Amino acid sequence: MPTAPQTRCAEPGCMTLVDHGRCDECKRPAWEGRAPFEQRYGMSRSEWETITQRILRRDEHTCYVCGKQEATQVDHKISVAEGGSPRDEENLGAICAAPCHEAKSKAERIRAAQRARAGVGESRS
């Protein structure tokens with residue numbers, strides 16, 4: 001089966017030939033530019049782990065989306081990016097990793113991208 005010819009690296013000015021995207025030298029870290037956990041949520045990871053265990057016990061590992069007793073994660077019912085409180089236990093619920101948390105997170109990413117395209121949250125002069 002024939003393969004596609006290599007193209008130049010997607011990084012402006014780089015002439016390295018690659019199969020797809022950027023060359024190894026130009027690849028960016030996966031979370032580059034993202035604020036650290038402590039800044040995003042206003043708490044340390046160890047504090048989040050303590051809250052997670054408390055919520056899972058409170059909800060008896062019952063997913064607030066599908067109702068199955070298979071929840072292993074804790075979710076912000078209203079995402080922090082959409083105005084939900086990062087610590088308010090009323091905004092936290094036990095959730096199944098798949099498919100519930102995956103589907104909810106995907107929908108949140110889509111809404112975030114739509115807000116970014118629309119310029120929501122940007123200061124306008």
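Which residues lie nearest the centre of the largest pocket? I began my notebook with this question, keeping in mind that the model is predicted.

**Entry 1, the pocket.** I found that Arg-34, Tyr-41, His-76, Ser-105 and Glu-108 lie nearest the centre of the largest pocket, whose lining is made up of 21 residues. I then looked up which elements give two or more residues to this lining, and they are α1, α2 (45-58), β3 (73-76) and α3 (97-118). The largest share belongs to α3, which supplies six residues. Sorting the lining by residue character, I noted eight nonpolar, five polar and eight charged residues, and for the volume of the largest pocket I wrote down about 690 Å³.

**Entry 2, the aromatic pair.** Next I turned to the aromatic rings, where the count comes to one pair. This pair is formed by Phe-37 and Tyr-41, whose ring centres are 4.9 Å apart and whose planes meet at 45 degrees, so I recorded the pair as tilted. Both residues belong to helix α1 (residues 37-41), and because they are four residues apart there, about one helical turn separates them.

How buried or exposed are Phe-37 and Tyr-41? I noted that Phe-37 counts as buried because its relative accessibility is 10%, under the 20% cut-off, whereas Tyr-41, with a relative accessible area of 22%, is partly exposed. Tyr-41 is also one of the residues that I had listed nearest the centre of the largest pocket.

**Entry 3, a charge over a ring.** Last, I looked at Tyr-64, and I found the charged end of Lys-77 sitting over its ring, 5.4 Å from the ring centre.

Terms used: Residues are numbered from 1 along each chain as its sequence is written. This is a predicted model: local features need pLDDT of at least 70, side-chain atom pairs count only at pLDDT 80 or more; totals for chains, interfaces and linings use all residues. Side-chain values use heavy atoms; hydrogens and water are left out. Rings of Phe, Tyr and Trp (its six-membered ring) pair if their centres lie within 6.5 Å; planes under 30 degrees apart count as stacked, over 60 as edge-to-face and the rest as tilted. Buried means under 20% relative accessible area, exposed over 50%, partly exposed in between (1.4 Å probe, protein chains only). A charge sits over a ring if NZ of Lys or CZ of Arg is within 6 Å of the ring centre and within 35 degrees of the ring normal. On a 1 Å grid over the protein atoms alone, a cavity is a set of points where a 1.4 Å probe fits but cannot get out, and a pocket is an open set with protein on both sides within 12 Å along at least five of seven lines; lining residues have an atom within 4 Å of a point. Grid points are joined across faces, edges and corners, and a volume is the space filled by probe spheres set on the points. Ala, Val, Leu, Ile, Met, Phe, Trp, Tyr, Cys and Pro count as nonpolar, Asp, Glu, Lys and Arg as charged, and the others, Gly among them, as polar.
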